[in-house]
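Here's a walk through a few corners of this structure, one residue neighbourhood at a time. Have the viewer open and follow along.

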Amino acid sequence: MTAPCKIAIAGLGTVGTGVVKALTARGEDLSRRAGRELKIVAVSARDKNKTRGIAVTGWTDDPLSLAMGDADVVVELIGGDEGIARRLVETALRNGKHVVTANKALLAKHGLALAKLAEEKGVTLKFEAAAAGGIPIVKVLREDLIAHGVDAVKGILNGTCNYILTEMEASGRAFADVLKEAQEKGYAEADPTLDVDGGDTAHKLALLSALAFGTAPDLAGVAVEGIRHITPDDIAFASEFGFRIKLLGVARKVGDRIDQKVHPAMVRVRSALANVSGAANGVLVDAGEAGSFFFSGRGAGEAPTASAVIADIVEAASGGSSPVFGQPATGLKVLEPADGKQAVSPWYLRFEVLDVPGVLAFIAGQLAEAGVSIESMIQRVRAPGAPVSIVMITHETAQSAVERALKAIGASDKVRARPCMIPMES
Ligand SMILES: NC(=O)c1ccc[n+]([C@@H]2O[C@H](COP(=O)([O-])OP(=O)(O)OC[C@H]3O[C@@H](n4cnc5c(N)ncnc54)[C@H](OP(=O)(O)O)[C@@H]3O)[C@@H](O)[C@H]2O)c1
């Protein structure tokens with residue numbers, strides 16, 4: 001008879017509670033799949049007296065003690081790239097325990113060192129829930145789409161941003177308005193910075209990129225732009241052109257380098273990514289000769305995230321020991337980031353200008369000087385004396401050339417706000 005697999009869980013918030021509920025409700029079936037009984041032996045969180053809607057067994061006030069007890073698998077569901085989460089994961093690995101975590105911030109920042117530590121100690125470090133929640137994309141990139149290599153990964157990886165953009169499109173309301181409502185409904189954090197400024201997407205992209213390309217996670221190499229500057233006008237103009245605005249994380253191979261970017265992008269309304277609505281996530285993998293694959297589903301929330309954590313627990317309990325990032329940590333390449341500003345696409349440009357003679361000629365002149373050619377243009381006057389919106393779609397142009405032109409245009413006193421530029425799917 002195989003000994004039970006002893007599980008210690010640190011963090012009993014949204015995800016931790018979901019994990020305990022699933023292990024309690026479906027423990028027998030999950031134990032059969034693991035080949036041994038899955039047994040929660042210890043749990044920890046901040047406040048012992050909090051009502052959690054679960055039976056709490058094996059409480060300890062000190063989460064770090066979980067890394068030093070007799071657990072076989074330590075599940076870290078506290079969060080944060082430093083502090084107690086990092087200490088717990090490091091100590092657990094050092095003490096020869098398998099670790100399961102949903103912590104993208106920790107792994108995006110310290111993934112290589114933690115993977116090396118896990119390998120040195122002969123244990124596993126699993127993080128299926130850390131990127132795209134319930135979508136099993138980590139396993140797909142680590143173990144499945146490997147025969148022909150991956151050329152690019154593109155994803156809607158942050159449900160909060162996708163919810164906000166979807167609501168802005170449906171209601172025509174401004175970003176700040178929709179964000180406030182999302183906070184009231186619990187879809188956005190009180191401090192939404194990490195979500196709406198693209199940091200959370202960058203964490204997830206760094207992990208997917210490492211798995212896809214066999215590299216060490218390189219968070220510092222991700223160029224990040226969020227969605228705060230997107231206006232209802234941008235969304236309405238996108239729709240007129242047959243596009244929808246999404247916050248994308250994009251990682252692609254450029255020669256022997258990797259270009260990693262998080263930015264709003266215009267995707268064609270009929271594309272798979274455009275139809276990922278509300279808080280859902282979607283990931284498109286371009287796997288060379290094998291073709292393109294699209295995955296979508298719930299990227300956050302109690303049950304979907306617990307689903308991914310449980311899959312990792314069962315795999316760790318049953319002795320699954322695939323390398324953390326798909327290949328030995330010592331062999332993970334550390335690549336120079338590609339110069340992402342050379343990436344070429346058509347661009348959507350929006351300028352808010354004073355309604356005075358010569359403005360259009362000035363903008364056109366600056367664009368021409370930077371080598372940016374215009375395919376089409378819309379000019380919209382709202383009211384006499386009010387600023388005018390000028391929207392242009394460019395031919396395929398490198399990002400660097402568009403930025404050069406917009407810097408000069410934005411410096412003019414006839415231009416009211418920072419010009420907006422969004423790449424469009426060609
Ligand atoms: N929520 C999601 O949908 C989702 C999706 C994917 C990945 N993740 C990741 O999963 C992890 C957990 O997220 P969550 O949403 O479940 O967070 P959460 O609801 O805020 O829960 C965090 C838990 O950690 C405990 N905690 C916080 N600081 C602690 C400390 N210093 N010592 C001991 N316990 C501490 C809290 O204790 P108290 O309950 O006592 O306050 C709480 O139980 C994060 O890494 C997150 O990025 C979350």
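## R86 and its charged company

The side chains of R86 and E82 share a polar contact of 2.8 Å. Keep in mind that this, like everything below, is read off a predicted model. R86 sits in helix 3, which runs over residues 83–94. With 26% relative accessibility, R86 is partly exposed.

Zoom out a little and a network of salt bridges shows up, linking D81, E82, R86, E90 and K109. Side chains of opposite charge can pair when their charged atoms come close. If you skip the neighbours within four places in sequence, R86 is in contact with D81, L106 and H110. For a sense of distance, try A130: it is 44 residues from R86 along the chain, and the two C-alpha atoms are separated by 15 Å.

## Salt bridges, short range and long range

How many salt bridges does a search of the whole structure find? The count is 28. Three of these pairs are worth a look.

Start with R32 and D29, whose closest N and O atoms are 3.8 Å apart in a salt bridge. Both belong to helix 2 (residues 27–34), and because they are three residues apart there, about one helical turn separates them. R32 is exposed, at 61% relative accessibility.

Next comes the salt bridge between the side chains of E315 and K126, at 3.5 Å from N to O. This pair links distant parts of the chain: E315 is in helix 11 and K126 in strand 5 (residues 125–126), with their positions 189 residues apart. Are these two buried or exposed? E315 has a relative accessibility of 19%, and the cut-off for buried is under 20%, so E315 counts as buried. K126 is buried as well, at 1%.

Then there's D234 with R350, a salt bridge whose closest N and O atoms are 2.4 Å apart. D234 lies in helix 10 (residues 232–240) and R350 in strand 13 (residues 347–353), so the bridge ties together parts that are 116 residues apart in sequence. Both D234 and R350 are buried.

## S322, next door to a salt bridge

Now find S322, in the loop between helix 11 and strand 12 (344–345). Which residues does S322 touch, not counting those up to four places away in sequence? They are K126, R142, E143 and E315. Two of those names should ring a bell, as K126 and E315 form the salt bridge described above.

The other two make polar contacts with S322 through their side chains. The one with R142 is 3.5 Å, and the one with E143 is 3.2 Å.

## Around the ligand

Over to the ligand. There are 22 residues around it, and those that come nearest are L12, D47, K50, R52 and G301. Oxygen atoms of the ligand turn up in several close pairings. One is 2.8 Å from a polar backbone atom of L12. Another pairing involves R46, where an N or O atom of the side chain is 3.0 Å from a ligand oxygen. At G301, a backbone N or O atom lies 2.6 Å from an oxygen atom of the ligand. As for cover, the ligand taken alone exposes 900 Å², and the protein buries 77% of that.

G301 deserves a moment of its own. Look for it in the loop between strand 11 (292–298) and helix 11 (302–317). G301 is partly exposed, with a relative accessible area of 28%. From G301 to A279 is 22 residues in sequence and 9.6 Å in space, C-alpha to C-alpha.

## A nonpolar patch on the surface

Last stop: which residues form a nonpolar patch on the surface? They are L360, I374 and M377, and together they have about 210 Å² of accessible area.

L360 is part of helix 12, which covers residues 359–369. Its relative accessibility is 33%, so L360 counts as partly exposed. Patch members need over 30% relative accessible area, and L360 meets that with its 33%.

Conventions: Residues numbered from 1 in each chain as written. Predicted model: local features only at pLDDT ≥ 70, side-chain atom pairs only at ≥ 80, totals over all residues. Heavy atoms only, no water. Helix = DSSP H or I, 4+ residues; strand = E, 2+ residues; numbered from the N terminus. Buried < 20%, exposed > 50% of the residue type's maximum accessible area, 1.4 Å probe, protein only. Patch = residues over 30% accessible without salt bridge, like charges linked within 9 Å, V, L, I, M, F, W, Y side chains within 5 Å. Areas by Shrake-Rupley, 256 points an atom, 1.4 Å probe, with all protein chains shown as cover. Salt bridge = Lys/Arg side-chain N within 4 Å of Asp/Glu carboxyl O. Near = heavy atom within 4 Å. Polar contact = N/O pair within 3.5 Å; in protein donor to acceptor, adjacent residues only side chain to side chain. Contact = heavy atoms within 4.5 Å.
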